[in-house]
Number of protein chains: 2
Amino acid sequence: MSTISTLGYALLSLLARGELSGYDIARQMKAPIGYFWHASHSQIYPELARLERDGYVGHQVVEQHDRPDKKVYSLTDAGREALRTWVTSPLDVPSVRDELVLRAFSLWLGDRREAAALFREHERRHEAQLEEYQAIEAHIKGQSARLPSIDSPEFAAYATLQRGMGYERECAAWCRWVAEQLEGGPV
Amino acid sequence: MSTISTLGYALLSLLARGELSGYDIARQMKAPIGYFWHASHSQIYPELARLERDGYVGHQVVEQHDRPDKKVYSLTDAGREALRTWVTSPLDVPSVRDELVLRAFSLWLGDRREAAALFREHERRHEAQLEEYQAIEAHIKGQSARLPSIDSPEFAAYATLQRGMGYERECAAWCRWVAEQLEGGPV
DNA sequence: CCTTCCTATGAAACTATTGACATAGCGCCG
DNA sequence: CGGCGCTATGTCAATAGTTTCATAGGAAGG
């Protein structure tokens with residue numbers, strides 16, 4: 001069986017938690033997994049077809065009356081095994097791409113007020129995202145006092161959530177710092 | 001003049017600080033700017049040609065004796081102006097792609113010890129990167145007690161460095177937290 | 001009735017990125 | 001002298017990802 005792309009593993013990760021249609025997966029790509037690996041339906045449908053061709057997933061057509069029929073995909077044993085192996089296989093530290101940081105590198109060229117406004121705007125957006133994550137965390141903690149078991153999908157989702165919160169907090173703090181420098185500096 | 005890709009702006013950002021050959025740019029793509037926007041020479045050479053075709057950069061051939069001749073590129077007025085405008089233009093918050101977080105989402109499937117080892121390894125790498133950044137920061141602070149002026153390229157580079165440190169610190173902390181959960185949990 | 005939105009799947013064109021291939025002269029080490 | 005690595009510039013194929021187009025039926029609202 002041929003190699004699976006990272007996107008492929010992202011799809012398997014979702015299917016490991018239950019059957020989903022391509023459309024469902026596209027929606028799940030908004031939260032929480034989509035915050036760290038986004039894909040649109042035009043990428044998802046062909047990828048599902050490839051995974052099926054290679055034996056990692058199967059599907060059955062579910063007829064619906066008030067809406068179009070759908071194909072519901074589920075993991076095969078091979079798919080689950082491939083996913084399990086992938087989780088702990090060696091991985092290079094990824095190279096990051098962040099256009100805002102790239103812009104900061106040319107900060108000395110632009111208008112200072114406009115730059116400050118841009119960074120304040122991004123600070124605001126990262127804080128809004130952080131608050132969204134915190135609401136999810138509050139919801140999880142409201143259900144049980146302790147963390148979910150390490151072997152559970154719930155813990156795994158909680159771990160990604162923690163990363164999301166740390167990431168947004170860091171982004172917001174940096175944006176704030178840059179904006180303060182731009183606003184408070186000498187004229 | 002046609003639109004410039006983000007990579008194009010990355011090249012302009014470097015050329016705004018001084019003339020460079022394509023080969024020089026490829027080397028600069030290792031640090032510090034490359035930590036937030038990497039590109040290899042196979043992408044850089046065609047992009048430089050496109051920027052020149054569109055009038056944002058120009059080049060002159062510099063003959064060398066003990067090594068191959070090179071093309072040294074520099075910004076045109078149009079290039080500098082395009083870069084200046086770009087810095088403060090509206091920007092969407094980028095969608096993040098991080099395979100390690102994606103793997104965390106399927107953590108419950110894999111072997112716990114192997115997973116812990118993977119996260120400890122990444123913790124180590126992020127801390128090593130952090131130390132590298134801190135060494136650069138120490139070097140900057142050693143040159144002068146105060147921060148460089150906000151209008152200087154040095155401050156801009158320092159701002160990206162700050163982001164780099166925050167990013168690595170956050171990654172390392174999260175990896176450590178995940179590893180601790182995996183190591184300390186019930187058998 | 002008309003428009004808009006949602007569900008649902010897919011193809012096609014375009015852009016971005018990576019990795020391998022290609023060339024070529026110089027210096028260094030064994 | 002032979003191979004390796006560095007400087008230096010490029011092309012090409014493959015993969016990955018985004019955007020747009022296409023289709024189609026039901027629901028909801030004006």
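In this predicted model, a polar side-chain atom of Tyr45(A) is placed 3.0 Å from a phosphate oxygen of DNA strand C. This report starts from that contact, turns to the surroundings of each DNA strand, and then describes the protein chains.

## Surroundings of DNA strand C

Tyr45(A) is not alone in reaching the backbone of this strand: in the side chain of Lys71(A), an N or O atom is 2.4 Å from a phosphate oxygen of DNA strand C. The side chain of His41(A), by contrast, addresses a base, with an N or O atom 2.7 Å from a base oxygen of DNA strand C. Several elements give two or more residues to the surface near DNA strand C: helix 2 (22-28), helix 3 and strand 3 (70-75) of chain A, together with helix 3 of chain B.

In total, 19 residues lie around DNA strand C, and the nearest are Tyr23(A), His41(A), Gln64(A), Lys71(A) and Ser42(B). By class, this surface holds four nonpolar, eight polar and seven charged residues. On the DNA side, sugar or phosphate supplies 64% of the atoms of DNA strand C within 4 Å of the protein, and bases supply the rest.

## Surroundings of DNA strand D

Around DNA strand D there are 20 residues, of which Ser42(A), Tyr23(B), His41(B), Gln64(B) and Lys71(B) are the closest. Of the atoms of DNA strand D that come within 4 Å of the protein, 60% belong to sugar and phosphate. The residues of the surface near DNA strand D comprise four nonpolar, nine polar and seven charged.

Individual side chains of both protein chains make contacts with this strand. The side chain of Ser42(A) has an N or O atom 2.6 Å from a base oxygen of DNA strand D. In chain B, an N or O atom in the side chain of His41(B) is 2.7 Å from a base oxygen of DNA strand D, while Tyr23(B) has a polar side-chain atom 2.7 Å from a phosphate oxygen of that strand. The elements that contribute two or more residues to the surface near DNA strand D are helix 3 (41-53) of chain A and, from chain B, helix 2 (22-28), helix 3 (41-53) and strand 3 (70-75).

The table gathers the side-chain contacts described for the two DNA strands.

| Residue | DNA strand | DNA atom | Distance |
|---|---|---|---|
| Tyr45(A) | DNA strand C | phosphate oxygen | 3.0 Å |
| Lys71(A) | DNA strand C | phosphate oxygen | 2.4 Å |
| His41(A) | DNA strand C | base oxygen | 2.7 Å |
| Ser42(A) | DNA strand D | base oxygen | 2.6 Å |
| Tyr23(B) | DNA strand D | phosphate oxygen | 2.7 Å |
| His41(B) | DNA strand D | base oxygen | 2.7 Å |

## Relation of the two protein chains

Chain B is superposed on chain A by a rotation of 180° with 0.0 Å of shift along its axis, at an RMSD of 0.1 Å. This is the relation of a two-fold axis. Both copies use the same surface, since 100% of the contact residues of chain B recur in chain A.

## The sheet of chain A

Chain A contains an open sheet of three strands in the order 1-3-2, with antiparallel pairing. Its edge strands are strand 1 (20-21) and strand 2 (57-62) of chain A, each of which pairs on one side only. Two bridges connect strand 1 of chain A with strand 3 of chain A, and Leu20(A) has Tyr73(A) of strand 3 as its bridge partner. Helix 1 (residues 6-15) of chain A packs on this sheet, touching strand 1, strand 2 and strand 3 of chain A, and its direction makes about 90° with that of strand 3 of chain A.

Strand 2 and strand 3 of chain A are paired in the antiparallel sense over six bridges. Within strand 3 of chain A, Lys71(A) stands opposite Val61(A). Lys71(A) is also the residue whose side chain comes 2.4 Å from a phosphate oxygen of DNA strand C.

## The sheet of chain B

In chain B, three strands likewise form an open sheet, with the order 1-3-2 and antiparallel pairing. Strand 1 (20-21) and strand 2 (57-62) of chain B stand at the edges with a single partner strand each, so one side of each has no neighbour in the sheet. Six bridges join strand 2 of chain B to strand 3 of chain B; among the residue pairs, His59(B) is the bridge partner of Tyr73(B) and Gly58(B) that of Ser74(B). Two bridges join strand 1 of chain B to strand 3 of chain B, where Leu20(B) stands opposite Tyr73(B). Helix 3 of chain B lies across strand 2 and strand 3 of chain B and runs at about 115° to strand 2 of chain B.

Conventions. Residues numbered from 1 in each chain as written. Chains lettered and ligands numbered in written order. Predicted model: local features only at pLDDT ≥ 70, side-chain atom pairs only at ≥ 80, totals over all residues. Heavy atoms only, no water. Near = heavy atom within 4 Å. Polar contact = N/O pair within 3.5 Å; in protein donor to acceptor, adjacent residues only side chain to side chain. Helix = DSSP H or I, 4+ residues; strand = E, 2+ residues; numbered from the N terminus. Nonpolar A, V, L, I, M, F, W, Y, C, P; charged D, E, K, R; others polar. Least-squares fit on C-alpha atoms with pLDDT ≥ 70 in both. Contact = heavy atoms within 4.5 Å. Pairing = 2+ DSSP bridges. Axes fitted to C-alpha atoms, helices over the stretch in contact; angles between N-to-C directions.
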